[in-house]
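Colleague: I should like to learn how to read this structure. Please guide me through some of its features.

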Amino acid sequence: MDRQRIMELVRAEMPERRWRHTEGVMETAISLSRRYGEDPQRAELAAIIHDVAKFWPIERQGNAIRDNGLNLDVLDYDKELWHAVVGAWVAEHDFGVTDVGVLDAIRYHTSGRRGMSKLEKIVWLADYIEPGRDFPGVDAIRALSEEHLEKAVLAGLDGTIGFLIAKGKRIYPLTIEARNGMLEELN
Ligand code: DGI
Ligand code: FE
Ligand code: FE
Ligand code: FE
């Protein structure tokens with residue numbers, strides 16, 4: 001399926017404000033790709049699709065995971081994690097995306113994981129710092145993102161993990177592993 005058609009279908013799945021977030025992630029992912037030597041078109045495609053399932057009713061997300069045997073372990077953790085693995089499935093099965101790197105960037109855009117590819121880091125970070133995001137500390141991470149990709153992702157993971165702790169929530173193990181992996185890469 002071509003880029004334009006995918007954009008129309010994704011847009012139809014979400015309210016206008018979430019589409020504006022998606023446009024922000026596209027723009028930021030393209031600019032990070034140019035800076036760090038990734039293919040901007042692959043990053044843009046992952047960005048377009050990443051939140052496609054975010055507004056599906058949660059039962060539909062859970063069913064998609066169970067019925068298709070996708071990353072079943074996320075079912076034991078926060079429901080916010082589910083739309084990412086469902087999004088990768090939609091990308092492959094409804095939009096015909098075959099680039100496994102793009103599919104993984106969508107699949108791990110919420111949790112992260114150990115050993116993230118450059119494309120995965122870019123999409124994860126773009127989701128965190130796109131221009132529409134507004135939370136304490138985001139400007140410092142935007143500035144870091146212009147200096148060092150891994151340091152910026154680490155700061156984002158620290159922020160996410162701190163946020164989950166403050167809310168008393170459990171943390172999906174891949175998120176912890178993503179942070180450990182980033183520290184190892186920086187050593
Ligand atoms: O879909 P978005 O809002 O654009 O962003 P996202 O897909 O990165 O989702 C972030 C939300 O997921 C954020 O509110 C924190 C929540 N979350 C819940 N449990 C976990 C988690 N995020 C991570 N990385 N790891 C978790 O275990
Ligand atoms: Fe998301
Ligand atoms: Fe995120
Ligand atoms: Fe997002």
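The dialogue below treats a helix pair, a ligand shell and one residue.

Modeller: This is a predicted model, in which local features need pLDDT of at least 70 and side-chain atom pairs count only at pLDDT 80 or more, while totals for chains, interfaces and linings use all residues. Residues are numbered from 1 along each chain as its sequence is written, and chains are lettered from A and ligands numbered from 1 in the order in which they are written.

Colleague: At what angle do helix α1 and helix α3 pack?

Modeller: Two packed helices are described by the angle between their axes and the distance between the axes. Here helix α1 (residues 3-11) and helix α3 (residues 40-49) pack at about 25°, with axes 9 Å apart. The two are therefore roughly parallel (angles under 35 degrees). Arg3, Ile6, Met7 and Val10 of α1 make the contact with Leu45, Ile48 and Ile49 of α3 (C-beta atoms, placed from the backbone, within 7 Å).

Colleague: Which residues are closest to ligand 1?

Modeller: Asp78, Glu80, Thr110, Tyr172 and Thr175 are the closest of the 17 residues that surround ligand 1 (C-beta atom, placed from the backbone, within 6 Å of it).

Colleague: Is aspartate 158 buried or exposed?

Modeller: Aspartate 158 counts as partly exposed, because it has 14 C-beta neighbours inside 10 Å; 20 or more would make a residue buried, and 12 or fewer exposed, with C-beta atoms placed from the backbone. Aspartate 158 belongs to helix α9 (residues 149-166) (a DSSP run of H or I, at least four residues, numbered from the N terminus).

Key
Axes fitted to C-alpha atoms, helices over the stretch in contact; angles between N-to-C directions. Parallel < 35°, antiparallel > 145°, perpendicular 65-115°, else oblique. Contact = placed C-beta atoms within 7 Å.
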